[in-house]
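Hi everyone, thanks for coming. I'd like to walk you through one model today, starting with the ligand and then moving on to the sheet. Please have a look at the screen.

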Amino acid sequence: MIASSMRPSKAASAPARTKKRADEFLMAELVITIDGPAASGKSTMARLLAERLGATFLDTGAMYRAVTLAAVRDHVELRDEEQLARVVERHRFDFEAARGKMLVRIDGEDVTEAIRDNELTAQVRYIASAGRVRARLVEMQRAFARKHRQVVTEGRDQGTVVFPDATIKFFLTAGAAERARRRKEELDAKGLPADLEQIREAIEARDRSDENRAVGPLKAAPDAIRVDTTGLSIEEAAERFYHHVEERCPRNR
Ligand code: CDP
């Protein structure tokens, strides 16, 4: 099943336009947003929560990563927003909700693992700062939520820009040293040895760029529940999340 496609639609016929308008009024039933800096535990929490609630997990970082990979492969100038917008139109991007993860394809090729590359990660900031690309991805994220009805979505701007009326919003934090240690563990587990200090520097550079860009910056929504996961095990952090969800969403009791 294809969850979303970023290829622009051909000029819509009148009935198609009517249908699109009707779809736009369809609301998702449950949207839980989890925003926070790199390696703060967003993906793990979003996955566990989605599984527990029978909702669909949406990894919006994977979308920014996929556009970055396509742009790098096309050798476009990453600072040129016009060219980046064309990359989005030129390729077909599919994001498919699979059990516990999101499969990502570019023109039919599975790039779910390729988009995690360290060098690529450092280049995502150009795509994340391009307003026109962001606007297109925001549209797709909302369409994904309408289609799947119940979603747990994670990123940087989910509670602030994409889903300001979300059912529950979380903002996750953790100290930079701990986040670097977690990311190293992930890389070690994949057999990719990496230097802890370099990982920490890369994470801090990404935090600065995410916090300071003009569009969709990393920021806690005023009504977000803040959870600091420093020193918490995955189970402990998950319990805090469940506790808040049960408190705010009686129907999940
Ligand atoms: O997993 P990690 O936190 O390292 O990264 P990610 O969530 O996959 O996001 C990669 C990058 O995409 C981030 O550093 C942001 O620059 C960008 N991003 C964004 O701008 N907006 C989002 N909603 C999600 C990610």
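Before I name any residues, a quick word on what "around the ligand" is going to cover: a residue is near a molecule if its C-beta atom, placed from the backbone, lies within 6 Å of it. And please keep in mind that this is a predicted model.

So, which residues come nearest to the ligand? There are 16 residues around it, and the nearest are A38, G61, Y64, A128 and G155. Helix 3, helix 5 (118-128) and helix 9 (196-212) are the elements that each give two or more residues to this shell. The top contributor is helix 3, with four residues. If you like to think in terms of chemistry, the shell has five nonpolar, five polar and six charged residues.

Now, where does the ligand lie with respect to the domains? Domain 1, which is 27-55 + 148-253, gives residues to the shell, and domain 2, 61-147, does too, so the ligand lies between them.

Let's turn to the sheet. Three strands make an open sheet, in the order 3-4-5, with antiparallel pairing. Strand 3 and strand 5 are the edge strands, each pairing on one side only. Our friend helix 3, residues 60-73, packs on this sheet and touches strand 3 and strand 4. The direction of helix 3 makes about 20° with that of strand 4.

Here is a general reminder for anyone who hasn't looked at a sheet lately: strands pair through backbone hydrogen bonds, in either a parallel or an antiparallel way.

Let me take the pairs one by one. Strand 3 (residues 93-98) and strand 4 (residues 101-106) are antiparallel, with six bridges between them. You can find F95 opposite V104 of strand 4, and A98 opposite K101, also in strand 4. These two strands form a hairpin with two residues between them, and G100 in that turn has a positive phi of about 70°.

On the other side of the story, strand 4 and strand 5 (residues 109-110) run antiparallel and are joined by two bridges. Here R105 has D110 in strand 5 as its bridge partner. This pair is also a hairpin with two residues between the strands, and D107 in the turn has a positive phi of about 50°.

That's my tour, and I'm happy to go back to any part of it. Thanks!

Key: Residues numbered from 1 in each chain as written. Predicted model: local features only at pLDDT ≥ 70, side-chain atom pairs only at ≥ 80, totals over all residues. Pairing = 2+ DSSP bridges. Contact = placed C-beta atoms within 7 Å. Axes fitted to C-alpha atoms, helices over the stretch in contact; angles between N-to-C directions. Nonpolar A, V, L, I, M, F, W, Y, C, P; charged D, E, K, R; others polar. Domains from an automatic or database assignment.
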